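This briefing goes through one protein model by topic, beginning with how its parts meet and ending with single residues. Please keep the sequence and the structure in view while reading.

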Amino acid sequence: MKEFTKETIWQVRNSTLGVYVHFPYCLKKCDYCDFFSVGIGSGPANDESTLFNAYQKEVLERISHFPKLRERTVDTVFLGGGTPSKASSTNWQNLIQFLRSEFSFASDTEISIEINPEDLSPKLLEEYASIGINRVNVGVQTLNPKGLEFLGRHYDKNKYDSLVSTLTHSPIKRVGIDLMYGIPGLNAFDFYQDLDIFLGANLPHLSLYSLTLEKGTQYSRDVSEKKKTEPEEYTQSDILITLPELMKKFGYRWYEVSNYAKPGFESKHNLKYWTYEPYLGIGPGAHGMIEGFRYGNPRNADLYQKKIPTDKYEPITPSSELSLTLFRLFSPFRYLEFIETHLEKKSQSKYIQTIQSWEKRGLCELDDGVFQWKKEALLLLDDLIFEIAD
């Protein structure tokens, strides 16, 4: 084969299960965030214990709807939010133990948690390591106080100043951070200044996102009311096309549009979303995909705790689902295997014809059933995906 042998080639896996748990509370809801979250200040949530009880009830309810879930092996658990690092380590420990009692876990199950900088400390990382969490991701976004103010984020200078030291001395080695670019008021130099700090720390996973304007957020309302300006699109495009080669020089694999990792340090859980694997979504505002169906939970913590989880599920349309997930990957994958496993003959034909047209246009490489985008496809990606979606 061509250069594909140098990288992991993603393929169909049918026997595993991911579990996503949504903790909805934050110190302060960020202006740009469109996930379900509620700012409650620095203290713990009043309903934390009942919320964790509701998580367990939902898991059991989902299993009752889909008994075959017990036949799957859980190989990823992702504790997200909101700010899951606001919840007590004891509650997370009990929930992880509960999941282990209900499912078979793989020997190398990835258990991730999102952490905000204000919660990060050596002590917290020690606690997480002791309860079996083996991957952490810190939502940094930017180190620039001006940028953090624009985003409506809480800023604790001491925490931000100690970030790199805390992460490089972490007992948990699967460490990642999120950085954002295109923030109005900051330029490309500001972003690369942040990035250089984390490249120098040699962290194994970097998620590098452009700021987006999402409907229903405070940021969107501020733009509508002329209080704030839209994301810097020119800066975003320039950075987006520059990053792949830059990150490659530092030993990072570009495996999804916004994600880079040292070999073997990719987010196994997020790969489930992109490679069309099933996952349970637990908690208020969470979404799941299991046994050919999707579902979503109410974006209200009180309602979630009082109401029995819905038994209404939307059937998946594999041809459109696959296009919107799989083709965000920039690392190679066995496209024929995915197509033949998940699609009917008519859709298979459409996919293959479209993919072959991309190859003729110099946008991708095909070799022995393996697909990989070329960097020339990056700025055209949304339009290309639309070509193949129903």
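**Contacts between the two domains**

Between domain 1 and domain 2, 4 residue pairs are in polar contact, with both residues of each pair at pLDDT 80 or more. On the side of domain 1 that touches domain 2, at least two residues come from each of α9 (233-249), β9 (253-256) and α10 (268-274). The model is a predicted one, and the protein is divided into domain 1, spanning 16-273, and domain 2, spanning 317-389.

**Domain arrangement and interface**

- Taken over C-alpha atoms, the centres of domain 1 and domain 2 are separated by 28 Å, and the contact between them involves 10 residues of domain 1 and 9 residues of domain 2.
- About 940 Å² of area is buried between domain 1 and domain 2, and carbon and sulfur atoms give 71% of this area.
- Within domain 1, the residues that lose the most area to domain 2 are W254, E256 and V257, which together account for 48% of what that side buries.
- The count of salt bridges between domain 1 and domain 2 is 2.
- E256 also takes part in a salt bridge, its side chain meeting that of R328 at 2.5 Å, N to O.

**Nonpolar cores**

- The largest nonpolar core has 106 residues, and of these F327 and W373 touch the most other members.
- Both domains take part in this core, with at least three residues drawn from domain 1 (16-273) and at least three from domain 2 (317-389).
- When residues up to four places away in sequence are not counted, W373 touches F327, L329, F330, W358, L363, C364, L381 and L384.
- Another core, of 11 residues, lies apart from the largest one, and its members include Y32, F150, L186 and V223.

**Salt bridges across the structure**

- Side chains of opposite charge can pair when their charged atoms come close.
- A search of the whole structure finds 18 salt bridges.
- One of them joins the side chains of D75 and R13 at 2.8 Å, N to O, and this pair links distant parts of the chain, with D75 in strand β4 (residues 73-81) and R13, 62 residues apart from it, in the segment before β1 (16-23).
- The two partners are not alike in accessibility: D75 counts as buried because its relative accessibility is 8%, below the 20% limit, whereas R13, at 36%, counts as partly exposed.
- Another salt bridge is formed by the side chains of R253 and E266, at 3.7 Å, N to O, with R253 placed in strand β9 and E266 in the loop between β10 (259-261) and α10, 13 residues apart.
- R253 and E266 are both buried.
- Through salt bridges that share partners, R13, D75, K272 and E277 are joined into one network.
- The side chains of E127 and K123 meet in a salt bridge at 2.6 Å, N to O, and because these residues are 4 apart in helix α3 (residues 122-130), about one helical turn separates them.
- In this helical pair, E127 counts as partly exposed at 25% relative accessibility, while K123 counts as exposed at 58%.

**Two buried polar residues in their surroundings**

- E102 has its place in helix α2 (residues 89-102), and with a relative accessible area of 18% it counts as buried, since that value is under 20%.
- The side chain of E102 is joined to that of R70 by a polar contact of 2.9 Å.
- Leaving aside neighbours within four places in sequence, E102 is in contact with L60 and I63 as well as with R70.
- T217 lies in the loop between β8 (205-210) and α8 (218-224), and this residue is buried, with a relative accessible area of 2%.
- With neighbours within four places in sequence again left aside, T217 is in contact with D31, Y32, C33 and D34; among these, Y32 is also listed in the core of 11 residues that lies apart from the largest one.

Conventions. Residues are numbered from 1 along each chain as its sequence is written. This is a predicted model: local features need pLDDT of at least 70, side-chain atom pairs count only at pLDDT 80 or more; totals for chains, interfaces and linings use all residues. Side-chain values use heavy atoms; hydrogens and water are left out. A nonpolar core is a set of buried Ala, Val, Leu, Ile, Met, Phe, Trp, Tyr and Cys residues joined through side-chain atoms within 4.5 Å. Buried means under 20% relative accessible area, exposed over 50%, partly exposed in between (1.4 Å probe, protein chains only). Domain bounds come from an automatic or database domain assignment. Contact means heavy atoms within 4.5 Å. Buried area is the accessible area (1.4 Å probe) that two parts lose on being put together, summed over both. A salt bridge is a side-chain nitrogen of Lys or Arg within 4 Å of a carboxyl oxygen of Asp or Glu. A polar contact is a pair of N or O atoms within 3.5 Å; within protein, one must be able to donate a hydrogen and the other to accept it, and residues adjacent in sequence count only if both atoms are side-chain atoms.
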